[in-house]
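Hi,

Here is the structure I promised to pass on. Have a look at it first, and then read my notes underneath.

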Amino acid sequence: MKTLTIREAREGLSHPDQMFADADEVLVVKHGEPVARILPVAPAAPARKLPSLKWLRDQCPIRKFPARC
């Protein structure tokens with residue numbers, strides 16, 4: 001775990017990729033007391049495949065004339 005002061009965190013936020021790249025977790029402290037914890041982003045869950053609605057489309061009758069409102 002990497003520990004930074006408020007000042008170091010503020011100065012480093014212009015390039016966060018360099019600042020947080022080597023640490024899994026960063027603890028930000030003010031006067032020796034922790035004020036924030038920066039954690040890595042969890043990997044995204046795989047996209048869920050939607051079920052096919054072909055069975056529903058097959059049940060619908062085909063209209064030979066347009067619907068009227």
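Below is what I found, going from confidence to the sheet, then the salt bridges and the surface.

First, a caveat: this is a predicted model, so everything here is computed from predicted coordinates. The mean pLDDT of the protein chain is 84, and 99% of its residues reach 70 or more. Confidence does vary along the chain: helix 2 has the lowest mean, 76, while strand 3 has the highest, 92.

**The sheet**

There is an open sheet of three strands in the order 1-2-3, and its pairing is mixed. Strand 1 (2-5) and strand 3 (33-38) are the edge strands; each has a single partner strand, so one side of each has no neighbour in the sheet. On average, neighbouring strands are turned by 30° against each other, ignoring direction.

The mixed pairing is easy to trace. Strand 1 and strand 2 run parallel and are joined by four bridges; if you want a spot to check, threonine 5 sits opposite valine 29 in strand 2. Strand 2 (residues 26-30) and strand 3, on the other hand, pair in the antiparallel sense, over five bridges. Two places to look there: valine 26 stands opposite isoleucine 38, and leucine 27 has arginine 37 as its bridge partner.

Strand 2 and strand 3 form a hairpin with two residues between the strands, and histidine 31 in that hairpin takes a positive phi near 55°. You may want to pick that one out on your own backbone plot.

How do the two hairpin strands compare in burial? Strand 2 is mostly covered, with four of its five residues buried. Strand 3 is hardly covered: among its six residues, the count of buried ones is zero. So strand 3, an edge strand with a single partner, has no buried residues, where buried means under 20% relative accessible area and the count is zero.

**Salt bridges**

How many salt bridges are there by the rule used? The count comes to two.

One is between the side chains of glutamate 25 and arginine 37, at 3.7 Å from N to O. Glutamate 25 lies in the loop between helix 2 (16-20) and strand 2, and arginine 37 is in strand 3, so this pair ties together parts that are twelve residues apart in sequence. Glutamate 25 has a relative accessible area of 23%, which makes it partly exposed, whereas arginine 37 counts as exposed, at 54%. Note that arginine 37 is also the bridge partner of leucine 27 in the sheet pairing.

The other joins lysine 54 to aspartate 58, with the closest N and O atoms 2.8 Å apart. Here both partners lie in helix 3, four residues apart, which is about one turn of the helix. Lysine 54 is partly exposed at 46% relative accessibility, and aspartate 58 is exposed at 53%.

**Surface and chain end**

Which residues make up the nonpolar patch on the surface? They are Leu53, Trp55 and Leu56, with about 310 Å² of accessible area together. Leucine 53 belongs to the loop between strand 3 and helix 3 (54-59), and its relative accessibility of 44% makes it partly exposed.

Last, have a look at isoleucine 62, in the segment after helix 3. With a relative accessible area of 81%, isoleucine 62 is exposed. Its C-alpha atom and that of threonine 3 are separated by 67 Å, the two residues being 59 apart along the chain.

That's everything on my side. Shout if anything looks odd in your viewer.

Cheers

Technical notes: Residues are numbered from 1 along each chain as its sequence is written. This is a predicted model: local features need pLDDT of at least 70, side-chain atom pairs count only at pLDDT 80 or more; totals for chains, interfaces and linings use all residues. Side-chain values use heavy atoms; hydrogens and water are left out. Two strands pair if DSSP finds at least two bridges between them. Axes are lines fitted to C-alpha atoms, for helices over the stretch in contact, and angles run from 0 to 180 degrees between N-to-C directions. Patches are made of residues with over 30% relative accessible area and no salt bridge: like charges are joined within 9 Å, nonpolar side chains (Val, Leu, Ile, Met, Phe, Trp, Tyr) within 5 Å. Accessible areas come from the Shrake-Rupley method with a 1.4 Å probe; for residues, only the protein chains shown count as cover. A salt bridge is a side-chain nitrogen of Lys or Arg within 4 Å of a carboxyl oxygen of Asp or Glu. Buried means under 20% relative accessible area, exposed over 50%, partly exposed in between (1.4 Å probe, protein chains only). pLDDT is the predictor's confidence in each residue, from 0 to 100.
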